Amino acid sequence: MREQLEIGGIHHLTAVTGNASGNLRFYRQVLGLRLVKRTVNQDDVSAYHLFYGDAVGNPGTEVTFFDWPNSGSNRPGAGEVATVGLRVTGQGALEWWKRRFNENGVLHTGIQQRAGVGFLPFTDPEGQRLELLDDGGGDGVPGGTPWEESAVPVEYAVRGLYSVTLTIHELAPTERVLTEILGFRRAEDQEGVCVFESGPGGPGTQVRIVVRPDQALARTGIGGVHHVAFRAADDEEHLRWQRRIAAAGLAVTQVIDRFYFRSIYFREPGGVLFEIATDGPGFATDEDPAHLGEGLALPPFLEPHRAAIEAGLHPIE
Ligand code: ZN
């Protein structure tokens, strides 16, 4: 009998910035997220890795960035996460955000409706494609805990990730991985977009797929997404995912300890890099929750190299 395993929703999203200070200004001051961890890319310690999220960076609320100023602009196309959906609650919140975007010069295309859900597409200063969606209050996986010191009032706060929209050449191979390996189910299509959900479905769980055989492959860079991570409840479940994905013949990494969570990575057949990450141990592991993200945090294996790492980073604020 097949093991019962179910993805607990979207864990985090990691994208590329070329301007860490501008990124911090936008995601903290304009979007009102909390910088929950200021660290470095563990595979490239010359680059900041900035984690934004709710009050403590709960899984499902994290949007993170590698600071790669030399990586060139993202070239949109097939094989990438094209749009990142963030959740807010209520039509009134979308109206409030539209005004805020206008006041702050944020490019947006106005409030729209899709399958009865209000949403507001916008881009960050580097062209990252995002949208705010009304999560209806109690639907989907529970939203995050807004940070009370945020520049954004709690009632309008971004409560985490709602969805990711992938652009790929061909549906079937990606659909097979989502449904037969990862346990997603196909929901009703939305205006030609295929929608997949896991667990409770709805906000926090949606993978949307746009099939575009005509598009050239995307090139990941500044203003684009590097990977999307899905949730595993604990280490035991995480290891079962690793074994299941390997058994299916996909090239998946061993479990990597990222210190704030454990990770495995594999590329789905459409070209998008997927990660599965554990819910814990979380961002308060090495910092006081009242002071998350204020200093440069390094996992223990990098701590002996702190002086050299700090010397290689430019100050941000
Ligand atoms: Zn990741």
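## Two helices and two cavities

Helix α2, residues 91-103, has 13 residues and spans 19 Å between its first and last C-alpha, close to the 18 Å expected at 1.5 Å a residue. The model is a predicted one, and the helix is a convenient place to start reading it.

Consider which residues of α2 are buried, where buried means under 20% relative accessible area. They are Ala93, Leu94, Trp96, Trp97, Arg100 and Phe101. These residues lie on the same side of α2, because they cover an arc of only 160 degrees around the axis. The spacing along the sequence fits a general rule. An α-helix has 3.6 residues a turn, so residues three or four places apart point the same way.

What covers this buried side? The elements over the buried residues of α2 include α1 (20-30), β5 (80-88), β7 (117-123) and β8 (129-134). The face of α2 turned away from its buried side carries two exposed residues, Asn102 and Glu103. After α2 comes Gly105, with a positive phi near 65 degrees.

Helix α1, one of the elements covering α2, is itself mostly covered. How many of its eleven residues are buried? The count is eight of eleven. The buried residues of α1 are Ala20, Ser21, Gly22, Asn23, Leu24, Phe26, Tyr27 and Val30. Just after α1 stands Gly32, where phi is positive at about 75 degrees.

Gly32 leads on to the cavities. The structure holds two cavities of 30 Å³ or more. The largest has a volume of about 60 Å³. Its lining is made up of 13 residues, and those nearest its centre are Gly32, Pro146, Trp147, Ala157 and Val158. Sorted by class, the lining of the largest cavity has seven nonpolar, four polar and two charged residues.

The second largest cavity holds about 30 Å³ of space. Which residues line the second largest cavity? They are Leu33, Gly53, Asp54, Thr61, Leu86, Val158, Arg159 and Gly160. By class, this lining has three nonpolar, three polar and two charged residues. Val158 appears in the linings of both cavities. Leu86, in the lining of the second largest cavity, falls within β5 (80-88), one of the elements that cover the buried residues of α2.

Terms used. Residues numbered from 1 in each chain as written. Predicted model: local features only at pLDDT ≥ 70, side-chain atom pairs only at ≥ 80, totals over all residues. Heavy atoms only, no water. Helix = DSSP H or I, 4+ residues; strand = E, 2+ residues; numbered from the N terminus. Expected span 1.5 Å × (residues − 1). Buried < 20%, exposed > 50% of the residue type's maximum accessible area, 1.4 Å probe, protein only. Arc of directions from axis to C-beta. Contact = heavy atoms within 4.5 Å. 1 Å grid on protein atoms, 1.4 Å probe; cavity = no way out; pocket = protein on both sides within 12 Å on 5 of 7 lines; lining within 4 Å. Points joined across faces, edges and corners; volume = space filled by probe spheres on them. Nonpolar A, V, L, I, M, F, W, Y, C, P; charged D, E, K, R; others polar.
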